[in-house]
Amino acid sequence: MVKSQNIFAKIGTYAVLFIAAAVSVYPITRIITISLRPGDQLLSTSLALIPDNFTFDNYVVLLTETGFLRWMVNSLLVSLVVTVTGVALASTSGYALSRYKFAGKGSLLQGLLVTQMFPATMLLLPLYVMLIKLHLLDSYLGIIIIYTATALPFCVWQMKGYYDTIPPTLEEAARIDGASHWQAFTKVILPLAAPALVITALFSFMTAWNEYVVANVVLQDTSMFTLPLGLKMFQGSMTTQWGLYAAGSLLVSIPVVALFLILSRYLISGLTLGAVKG
Amino acid sequence: MVTSKNEKAALRIFIALLIGPMVVLVLAVVAYPFFFNVILSLSNMNLFHIRDWEVIGFEQYLAVFAEPRFWEILLKTLIWTLTNVVFHVVIGVMLAVLLNQLFVVGKPAWRVLLILPWALPQYITALTWRGMFNYEYGAINLVLTKYMNLPAVEWLTSPFEAFLAAILTNIWLGFPFMMVIALGGLQSIPAELYEAADADGASAWHKFRHITLPLLRPVMLPAITLGVVWTFNNINVMWLVSNGGEPNDQTHILVSFVYEAAFSAYRFGWAAALSMVIFAILFLFTAVFLNRTKATEAAY
């Protein structure tokens, strides 16, 4: 082994990592910068991180004079329902798919994969036509159902994959001690699957929290808007309210980005073992 | 032995209870609309026939294939998918291999920084990059003109550049997924293999080529399959970066094209037929690709 080669390899590694990290972070610093600009500087060609005379005006206006808080409540409501439904259904059905053999299991698993190939309009268009007929446009029921169905296949695979890594001897021991199937599942296995449950919850939540295209078709009344629709409204076709848009984006992103980063350790073990096998 | 029969029945009920609700929901909200979509694709439903529509056969499919823009946008979609997935995998695997080296300090911190593009909501990424591509005030042109002395690029107003802008945006947000998958795969490669290779005096490239790549393959192939399907169908980035196909309805992939046909032009039957075509393309690709590579072998 030649020493100088090693040093070059190390410098090269850090250089590439540094460039990649800088590129990853840069767009986010732009959002921060623009959200802090005073009104007269929104169309500025400055690239400074902290603008001259920086101000929190955009945040104040956003929270007091726009529908932002309303949209946030709407988004929270939709996302929480989707998360609870998604976790409940994926954790139970994933368990059955991991532990038991039954007729149609293989085609069920494959069928779930096939749904991932549907283009957005495949379900949206029929549901839209049905919602028009039922006069159910502008209701959350339709959107919650679509989001749950979108998130579910991935989550079921993810849970199944994780259960596969837990040895079945654990339930057998519990069963010998007199536990029922249900007890063995909820008291022994479910707690062990906590990391996968967390990932499943995160994915379901993000599906609903971040969705624009479906909401854009189903929700038309501004007061019913979820956050993505509201934020897109600031980027109108005539003029863009960059300050409000940036401030809103930051407030929307901080909680999901924080959650995602905190949970990223689980992603590396939980995701590879689970979903990726699919 | 009397109990064993009851036990079996009880177990069957238990399984049905676990799996039933999921199956019912998926059947109701995925299977039913799917079949409805099949019927729509055989119908003449559009803005003028929204209530009095009828099944007319395969006309809409013929109309899809007869539409010159379909072939043009199919080609764009293939370029879009291939470019994105290749860059995602190459960048993702490269960063994972670099990050996995023993001497790298601060691994969790690097990982967090590199995962950021995945964590940011996709529509915010797309809208933010649209802002960064702005001709006069966008950061990209400012960096090009101020620091690199290059001419400003008309990112969002010319078709080729707008398409490129969408690809750049999507490459940015997609590589962390592949990196995370590759990191997981790298952790399961036993260190002894590398030690043995070192003892034989193998070069870094040899170790990568003959140990890392073959052992990453089974982990990456399913991820690549998912990546292709997701990228092919990624309407968010294309639609939001190009603000619905600007300029002049040129900047489309199939899925944004069909979204526009359905919800701006209200050509419901035609859009349903095109949806079926997109689905068929992806279904065939997945079947062939998975069969060729035996990627799901370990899954059942």
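**Exercise 1. The two domains of chain A**

Find how many residues of domain 1 of chain A are in contact with domain 2 of chain A, and sort them by class.

Solution. The model used here is predicted.
Step 1. Take the bounds: in the domain assignment of chain A, domain 1 covers 1-55 and domain 2 covers 58-277.
Step 2. Apply the cut-off, by which two residues are in contact if their C-beta atoms lie within 7 Å. On each side, seven residues qualify: seven of domain 1 of chain A touch seven of domain 2 of chain A.
Step 3. Sort the side of domain 1 that touches domain 2: four residues are nonpolar, two are polar and one is charged.
Step 4. For the spacing of the two domains of chain A, compare their C-alpha centres, which are 32 Å apart.

**Exercise 2. Secondary structure and overall form of chain A**

State how many helices and strands chain A has, and set its radius of gyration against that of a compact globule.

Solution.
Step 1. Count the elements: chain A contains 13 helices and zero strands. Its pattern along the sequence is accordingly written with α at every position, as α-α-α-α-α-α-α-α-α-α-α-α-α.
Step 2. Compare radii. For 278 residues, a compact globule would come near 19 Å, but the radius of gyration of chain A is 24 Å.
Step 3. Add the box: along the principal axes, the C-alpha atoms of chain A fill roughly 75 × 75 × 35 Å.
Step 4. Look at burial and contacts. Of the 278 residues in chain A, 44% are buried. Among contacts in chain A with a separation of 6 or more, 75% join residues 24 or more positions apart.

**Exercise 3. A helix pair in chain A**

Describe how helix α3 and helix α6 of chain A cross.

Solution.
Step 1. Recall that a pair of packed helices is described by the angle and the distance between the axes.
Step 2. Locate the helices: α3 of chain A spans residues 68-99, and α6 of chain A spans residues 140-164.
Step 3. Give both values: the axes come within 7 Å and cross at roughly 35°.
Step 4. Give the hand: the crossing of α3(A) past α6(A) is right-handed.
Step 5. Sort the contact of α3(A) with α6(A): 17 residues are nonpolar, seven are polar and three are charged.

**Exercise 4. The contact between chains A and B**

Work out how many residues each chain gives to the contact, and which helix of chain B supplies the largest share.

Solution.
Step 1. Count by chain: chain B gives 75 residues and chain A gives 71.
Step 2. Find the main contributor on the chain B side: helix α1 (residues 2-41) of chain B supplies the largest share, 16 residues.
Step 3. Sort the side of chain B that touches chain A: 62 residues are nonpolar, 12 are polar and one is charged.

Methods:
Residues are numbered from 1 along each chain as its sequence is written. Chains are lettered from A and ligands numbered from 1 in the order in which they are written. This is a predicted model: local features need pLDDT of at least 70, side-chain atom pairs count only at pLDDT 80 or more; totals for chains, interfaces and linings use all residues. Helices (H or I, at least four residues) and strands (E, at least two) are DSSP runs, numbered from the N terminus. Ala, Val, Leu, Ile, Met, Phe, Trp, Tyr, Cys and Pro count as nonpolar, Asp, Glu, Lys and Arg as charged, and the others, Gly among them, as polar. Axes are lines fitted to C-alpha atoms, for helices over the stretch in contact, and angles run from 0 to 180 degrees between N-to-C directions. A crossing is left-handed if the near helix is turned anticlockwise from the far one by less than a right angle, and right-handed if clockwise. Domain bounds come from an automatic or database domain assignment. The radius of gyration is taken over C-alpha atoms; the globule rule is 2.2 Å times the number of residues to the power 0.38. A residue is buried if 20 or more other C-beta atoms lie within 10 Å of its own, exposed if 12 or fewer, and partly exposed in between; C-beta atoms are placed from the backbone.
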